[in-house]
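Hi everyone, thanks for making time. I'd like to walk you through a model today, so please have the viewer open and follow along.

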Amino acid sequence: MGEKFSQPQQAPERVVELIAARLKRHRSWDWGLALLPLAAALLYVPIFLHAAGFIGLESALLASAAVLAATLLLLVAVAAKSRPARARVARLIDSKVGGKERFLTLATSDPARLPPSLRDRLRAQASGLVQRLNVKVHFPYRVKRSFWLSLAAGIAFLVLFHLFFELYLRAGGRAEALAELAQGLAQDSRLAGFASRLEALLRKLEDPNLKPEEKQSLIEQMRQQIGEEKASQQDRSTKESLERAERALEGLERGSENKGQGEGGGGIGTNLKQDGAGEGKQSKGDGEGRGERAALAQKEKQDGNPMKPSKGEEKEPRQAGKGAGESQKQEPNTRRESEGAERGEMAGKGGKTREGEVPSGPEPERFKRPGEQGDKGLRGAGYVTVELPDEGGGFLKSGRGEGKKAPRRNLSVSNAPLPPATAAGGAQETQHVPLEYRGLIR
Amino acid sequence: MEPERFREIFLRLEAELKKVIVGHEDTIRKVLIAFFAGGHVLLEGVPGLGKTLLVKSLSQALGLSFKRIQFTPDLMPSDIIGTQVLAESNGRREFQFKRGPIFAHTVLADEINRATPKTQSAVLEAMEERQVTVMGETYPLESQFMVLATQNPIELEGTYPLPEAQLDRFFFKLLVHSPRPEELVEILNRTTGTETQEVGQVIEGEREKTIDQMKRLLREVIIAPPLEDYVVRLVHASHPPVQAEPSSQRPARAAFVREVKEYIRFGSSPRGAQAIILGAKGNALVEGRVHVSYDDIEAVIYPALRHRLILNFQAEADNVNPDQIIAALIRDVPKD
């Protein structure tokens, strides 16, 4: 259809048909544009899940095809039904060209029942009006509000999706997905070994004492192994499974990095708080306790004794404040708990501690100098006997409270000074304590 | 007949009538439309507004016979219809029918509400049947028969208001309003000087045949089904029982008009819809179209329905008139 009906003799009934077809196309466009953002948002989900390693390529393709097919079916159904009524179109044309219901009459009347002379006259009058009709001016296509609403809905959907996805990941969703994948891979005899290595990695990653950089190095190693495994495999489905595992590990690595960054941020926050007095002023009671503690830690640092509180040392104030705590928490958590414990302690004292006040009670053991005898006699001890816990012997997986106490019950701890190794009855062998066990030494 | 010829005759008739009638353009047009639609007209207005002159001038312009009947309480049906009289011819005495004034092309029934219901019904029966029966013998009326009745809205003492069933037989009810100041000046100029205007005969030659052709053409005018549907919905919406029904039980596409529910006792009869469509067709031809538009319907709906809507006591108490109800109908009934 051109911009203008160039032929004045164009039959008005035909014009009505053409405009009806145009309006139908407009309607289809409206629906298409209204569905597009939503369909795109829905398409994004399987693609994203595939990229993140949660679903396979086939599942992603299937889901995408389903979304596309549903959208197309809906469009076709709507397009089939959306043909506007002739009367409505004719009325619209009449209103645009001042037709005084000429087009409406011609479009809706049965020609056989009309007196021929009057019908011809009416058609001639309507044909004359057709020239006034400029399709692009009178029936332009404009993007409807439905599109913008749909766009907003699509964006909102994606934002919510990512929000919930992030929450799911934080709740261990990615590791779960990886575990499921490992189980799936274990079904394949060729990948059984790889699956067991993956499961072992996951078990290791669950260790809360593992530092982020250590986790990353483990994951990196596993990814290298996957790369090698992939290169050696020929089967497409196996390769795909390995790719999924690789992507999932990549996501896990990213998550670990983010977590590390988050912790780093926390560290920065803590360092700022270590300035001490300022913060103490700002938040009475709780803040003072923290500021003082930070100041003490700073002092300890200056003395060359890094502020890495041992679990035993940490436990005492916590028990005093809360009566319970988790020894297996990571450092920031421990710090928070410690703060919380102190807060509890402060609260117990009525929260009246002011700036410059020194907490009453006995001095904590960790502040004793070498040679000074504490309650447990740790300070100044030349040697300690260490019995290492069995590997994974219920220690790592122990629950709250149990995690602190169960291993300690099993450890034989001596707090009496031992004779040197060279002396008779001295320790027969020495062993370097791995980093991760340092916290267990009493 | 060509629509142009219809329009030409119509406009010439209008022009002739305007020579003697100052103002009342709408009344003149509606009277002519009613004439070509084959209907009768009830004119309501105070005395001295030119109602009688209008009817007389119309018959002159059309070249048709004209009779006037002044309705009074003692007027008998035979005074209008005619009666059998004993007459002698060729030495024999026999009853002959003496035709009354109803046997004319245009009949002015002046102050029709002053006659008794018996006399009124005799006239109204003739209007509907277009024939009269006396002593078992039927006499057809003129083919171009038209009654223009007038009634005075004041001085209602000693009058017999027309029953609803008889009002329904009038195609249009036209309200003749007092002239505006400038129109009154023109009336004075025309009637108090020496010059007098004469109404010329518009239709030359075979008048009745031409009028018949014009009447046929009017009925041939095209009306689209959606417009017919609109008229039907308008008339249907004027019925209070429809409005009283819960919306779930109301017929599909029936509009709710609050004024109808509150003020109407009886809605329009099917004759109302017929009058709207025929009147709209006439209006379309006069406007130079061969099809009806919504504007035509709105132009004739007031005279077509105002005497067919019977108001209740509440409407009288609230000083509501039928034209307000019709305006509400146009407002609330959707066109599509």
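I'll start with the two chains overall, then go through some pieces of chain B, and finish with the contact between the chains.

One thing before we look: this is a predicted model. Please keep that in mind while we go around.

Let's begin with chain A. It has 16 helices and zero strands. Of its 442 residues, 20% count as buried. If you take the contacts in chain A between residues at least 6 apart in sequence, 62% of them join residues at least 24 apart.

Now chain B. Here we have 15 helices and eleven strands, and 43% of the 336 residues count as buried. For contacts with a separation of 6 or more in chain B, residues 24 or more positions apart account for 76%.

How confident is the predictor about chain A? The average pLDDT of chain A is 67, and 53% of the residues score at least 70. Two stretches deserve a flag. Over residues 260-297 of chain A, pLDDT stays under 50, and the model has 42 contacts beyond four places in sequence for that stretch. The other is residues 391-407 of chain A, again with pLDDT under 50 throughout, and there the model has 16 such contacts beyond four places in sequence.

For a spot inside chain A, go to L42(A), in helix 1, which runs over residues 12-51 of chain A. Is L42(A) buried or exposed? L42(A) is buried, because 21 other C-beta atoms lie within 10 Å and the cut-off is 20 or more. Now look across to V67(A): L42(A) and V67(A) are 25 residues apart in sequence, yet C-alpha to C-alpha they are 6.9 Å apart in space.

On to chain B, and to helix 2, residues 25-37. What span should we expect for its 13 residues? At 1.5 Å a residue we expect 18 Å, and the end C-alpha atoms of helix 2 of chain B are indeed 18 Å apart, so the two agree. This helix is mostly covered, with eleven of its 13 residues buried. Among them are T27(B), R29(B), K30(B), L32(B) and F36(B).

Look at both ends of that helix. Ahead of helix 2, H24(B) sits in the loop between helix 1 and helix 2 of chain B. The phi of H24(B) is near 55 degrees, a positive value in a residue other than glycine. As a reminder, most residues other than glycine have a negative phi. H24(B) counts as buried, since there are 23 C-beta neighbours inside 10 Å. After helix 2 of chain B comes G38(B), which also has a positive phi, near 80 degrees.

Compare that with N319(B), in the loop between helix 14 (313-317) and helix 15 (322-332) of chain B. Its phi is near 55 degrees, positive in a residue other than glycine. N319(B), however, is exposed, because 7 other C-beta atoms lie within 10 Å.

Next is helix 8 of chain B, residues 207-220. Its 14 residues reach 20 Å from first C-alpha to last, close to the 20 Å expected at 1.5 Å a residue. Which residues of helix 8 of chain B are buried? They are I211(B), L217(B) and L218(B). These cover an arc of only 120 degrees around the axis, so they sit on the same side of helix 8 of chain B. On the face turned away from that buried side you'll find the exposed residues K209(B) and R216(B). And the buried residues of helix 8 pack against helix 1 (3-20), helix 2 and helix 12 (270-286) of chain B, which brings our covered helix 2 back into the picture.

Let's look at some strands too. Strand 6 (residues 131-134) and strand 7 (residues 137-140) of chain B pair in the antiparallel sense over four bridges. T133(B) has T138(B) in strand 7 of chain B as its bridge partner. The two strands form a hairpin with two residues between them, and M135(B) in the turn has a positive phi of about 50 degrees.

Last stop: where the chains touch. The contact takes 15 residues from chain A and 13 residues from chain B. On the chain A side, the elements giving two or more residues are helix 3 (86-97), helix 4 (102-108) and helix 5 (116-130) of chain A. Helix 4 of chain A gives the most, with four residues. By type, the residues on that side of chain A divide into six nonpolar, three polar and six charged.

That's my tour, and I'm happy to take questions.

How values were computed: Residues numbered from 1 in each chain as written. Chains lettered and ligands numbered in written order. Predicted model: local features only at pLDDT ≥ 70, side-chain atom pairs only at ≥ 80, totals over all residues. Buried ≥ 20, exposed ≤ 12 C-beta atoms within 10 Å, placed from the backbone. Contact = placed C-beta atoms within 7 Å. Expected span 1.5 Å × (residues − 1). Arc of directions from axis to C-beta. Nonpolar A, V, L, I, M, F, W, Y, C, P; charged D, E, K, R; others polar. Pairing = 2+ DSSP bridges. pLDDT = per-residue confidence, 0-100.
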